[in-house]
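Here's a quick tour of the pockets and a surface patch in this model. Have the structure open as you read.

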Amino acid sequence: EGRLERRILRRAKSIFVTSEVWKELLSRRLPFAAAKTTVLTNGYPPEMIQRKPARRTRSDDRLTLLHAGRFTSSSGARTVDALLGPLLAGIRGTRRKGEILFVGRLVSEDLAQVDRWRPRFEAEGWSITTIPPVPHAEMIDRLYQTDGLLLLSASEAAVPSKFFEYLPSGRPVLSLTPEGSAVWRLSAGLPQLFSLDYTRAAGTESIVRDFLDACASESPPFEVPPVFTDAHLAEIFLKTVRRET
């Protein structure tokens, strides 16, 4: 497979990868590929980019935070503990109260971890609710209606599709990912993303608190970054193809 890969990539005029980290890893392994490799990320779902974020209205001061979709990956790298541990550390010492929703297919291990964390969150005035998978249209509605979104990405190089589904909602996103990962780098230029390295033992509480403040803010929703629109991505693709023809 390695020989086949080298043969194909040597013959290719252009190579597209979906993150800067993938490009670095490929270039380190096959230096000849560096000059002809272009980063072309995934983009927003068409049905979401056509919908405008709306100002969130609440009937009380309680916040609603949502984690959408599957939780534990096939490798078991992502766990509920990795998300709820830093989140609870940031919540403690604040006056914020609210509810955390896990919407999607949780395996038995995930549910067991939720049960272990639930009393600790309840002591701080927070509830945790698990909801089975819902139709895609309903999930999209929930993204626009919540106060804040929770994103956990353990991958060094991959960017989960959830990243591109969260941003069009205009809601603040707490991004838990290792420092230097592809998601970490993309988050650096986006004020909507509040990124923390969940592998660190301490020192991330202020990031969670800033995220909660943004969730409670009456400010307009964040503007949707244009860099992940079809128009912008098409420009990158066509520019690269034209250069090689």
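A pocket here is an open set of points on a 1 Å grid over the protein atoms alone where a 1.4 Å probe fits, with protein on both sides within 12 Å along at least five of seven lines; lining residues have an atom within 4 Å of a point. Keep in mind that this is a predicted model, so local features need pLDDT of at least 70 and side-chain atom pairs 80 or more, while totals for chains, interfaces and linings use all residues. Residues are numbered from 1 along each chain, and side-chain values use heavy atoms, without hydrogens and water.

In the largest pocket, 14 residues make up the lining, and Ala-68, Gly-69, Arg-70, Lys-162 and Glu-165 sit nearest the centre. Helix α7 (161-166) and α6 (136-145) each supply at least two lining residues, with α7 giving the most, at three. For the second largest pocket, look around Pro-172, Ala-214, Ser-217, Ser-219 and Pro-220, which lie nearest its centre.

| Pocket | Space | Lining |
|---|---|---|
| Largest | About 270 Å³ | 14 residues |
| Second largest | About 180 Å³ | 16 residues |

By class, the largest pocket's lining has five nonpolar, four polar and five charged residues; that of the second largest has six nonpolar, four polar and six charged.

Now for the surface. Phe-16, Phe-237, Leu-238 and Val-241 form a nonpolar patch (residues with over 30% relative accessible area and no salt bridge, nonpolar side chains joined within 5 Å). Together they have about 290 Å² of accessible area. Helix α10 (residues 230-243) gives the most, three residues, while Phe-16 belongs to strand β1 (residues 15-17).

Conventions: Grid points are joined across faces, edges and corners, and a volume is the space filled by probe spheres set on the points. Helices (H or I, at least four residues) and strands (E, at least two) are DSSP runs, numbered from the N terminus. Ala, Val, Leu, Ile, Met, Phe, Trp, Tyr, Cys and Pro count as nonpolar, Asp, Glu, Lys and Arg as charged, and the others, Gly among them, as polar. Patches are made of residues with over 30% relative accessible area and no salt bridge: like charges are joined within 9 Å, nonpolar side chains (Val, Leu, Ile, Met, Phe, Trp, Tyr) within 5 Å. Accessible areas come from the Shrake-Rupley method with a 1.4 Å probe; for residues, only the protein chains shown count as cover. A salt bridge is a side-chain nitrogen of Lys or Arg within 4 Å of a carboxyl oxygen of Asp or Glu.
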